[in-house]
Amino acid sequence: MRPISIVLRSLIRDGRLAVIDSRGRREEFGDGRGRAIAVRLRDRRTEWALLLNPQLALGEAYMDGRLTLEEGDIAGLLELLTRNLRGGFGGWQWEVLNALRMRLQRMAPPNSLSRARRNVAHHYDLSGGLYDLFLDADKQYSCAFFETPNDTLEQAQTQKRQRIAAKLLLKPNLRVLDIGSGWGGLALHMARQSQVQVTGVTLSEEQLKIARERAARSGLGDRTRFEFLDYRAVKGQFDRIVSVGMFEHVGLAHYREFFRRLAELLTDDGVALIHAIGRSDGPGATNAWIAKYIFPGGYAPALSEVLPAVEKSGLIVTDIEILRLHYAHTLAEWRRRFVANWERAKRLYDERFCRMWEFYLAGSEMAFRNQGHFVFQIQLAKRIDSLPLVRDYMAFPSPAPQQRSAA
């Protein structure tokens with residue numbers, strides 16, 4: 001029996017997986033129930049690569065066309081694999097490899113200003129036309145908030161912005177700092193709806209250009225200012241600070257520095273909100289393929305890695321909310337829209353890039369469905385009396401209970 005067959009036989013217990021090797025031999029794994037997934041491996045090199053380093057090799061083989069789907073799609077394959085792994089890595093040898101990667105990640109060089117700029121540019125300075133293919137019209141590139149399973153992506157992203165604004169307890173003319181302001185959607189929403197003054201900072205030149213253009217077109221140029229600036233270089237003080245989808249790029253070694261900097265920038269009665277991806281199973285390591293091709297330097301932390309840094313900063317945790325399946329729903333819709341626009345994406349880049357992006361969106365979705373990833377929102381203050389005694393100010397009109405789904 002081939003080595004890869006031995007591994008898959010012990011791993012795939014739930015579902016239907018067929019593997020066709022480079023010699024055309026077909027083997028089936030699982031209990032035969034559910035959606036059929038059939039994979040063809042085009043060469044022996046791919047088979048051995050999948051055995052030695054599956055986290056990296058699976059995505060590379062799919063990108064390069066050395067692994068193709070005869071039945072089903074890459075999302076179906078990744079769902080089947082992650083469901084059977086149940087948060088593990090499939091064997092002691094891969095557990096050891098992941099433990100080594102965790103150690104190396106914690107020994108990585110500090111996230112200097114120049115390194116941070118390179119890492120951001122790698123992902124966020126891609127063609128703006130690419131993101132138009134799958135994001136909502138407001139270009140929100142973070143987890144949406146689904147009140148009901150029937151919400152559109154546009155509705156869910158609007159609800160996310162409203163929820164964040166409510167948690168910040170915005171009032172007219174407050175000074176707001178948006179760290180990692182992206183294409184400006186949240187900043188413009190806050191300026192428009194709450195009449196606040198917003199400074200947005202980003203390390204993406206592409207995003208900065210678009211955010212400034214949007215501010216000018218919307219007539220909010222007097223209430224919004226966007227700068228190419230690292231959070232460590234921001235001057236002044238702010239009544240509110242928000243950061244959505246940026247904390248994953250701070251770097252483990254800089255958590256204490258990040259929260260100390262927030263405390264310095266926040267007024268004595270100020271409020272901050274951090275919205276970021278986390279993991280429920282304790283400290284880990286970034287997936288090898290994601291780290292190489294999508295988010296170099298990125299890491300989704302456990303709360304046990306974040307809260308000690310907050311405690312040393314002089315800030316008080318006033319609220320934590322965990323959003324479980326909301327990002328899975330968001331990513332599923334992004335992937336649906338991207339695949340529907342495959343030919344347009346191919347004209348921007350090429351077929352290999354399209355397969356890479358599809359793998360990224362599908363793999364990220366399955367991390368939230370089957371591998372313990374979630375989104376956390378941490379509300380912070382410097383004074384214990386900066387916010388109302390009860391949380392009613394965060395509430396929104398909710399659908400009837402029978403309309404809700406677990407999220």
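Packed over the buried residues of helix α9 (residues 185-194) is a set of elements that includes α8 (153-167), β5 (175-179), β6 (197-202), α10 (205-218), β7 (224-228) and β8 (238-244), where contact means heavy atoms within 4.5 Å. The helix and strand labels are DSSP runs numbered from the N terminus, with helices being H or I of at least four residues and strands E of at least two. This is a predicted model, in which local features need pLDDT of at least 70, side-chain atom pairs count only at pLDDT 80 or more, and totals for chains, interfaces and linings use all residues. Residues are numbered from 1 along each chain as its sequence is written, and side-chain values use heavy atoms, with hydrogens and water left out.

So how enclosed is α9? Eight of its ten residues are buried, so the rest of the structure largely encloses this helix. Buried here is under 20% relative accessible area, exposed is over 50%, and partly exposed sits in between (1.4 Å probe, protein chains only). The buried ones are Gly185, Leu186, Ala187, Leu188, His189, Met190, Ala191 and Ser194. Just past the end of α9, Gln195 takes a positive phi of about 55 degrees.

Now over to helix α2 (residues 44-52), which holds Leu50. Leu50 counts as buried because its relative accessibility is 12%. From Leu50 to Ala137 there are 87 residues in sequence and 39 Å in space, C-alpha to C-alpha.

Last, the cysteines. Cys143 has 0% relative accessibility, so it counts as buried, and Cys354, at 0% too, is also buried. Taking a disulfide as a pair of cysteine sulfur atoms within 2.5 Å, the count is zero.
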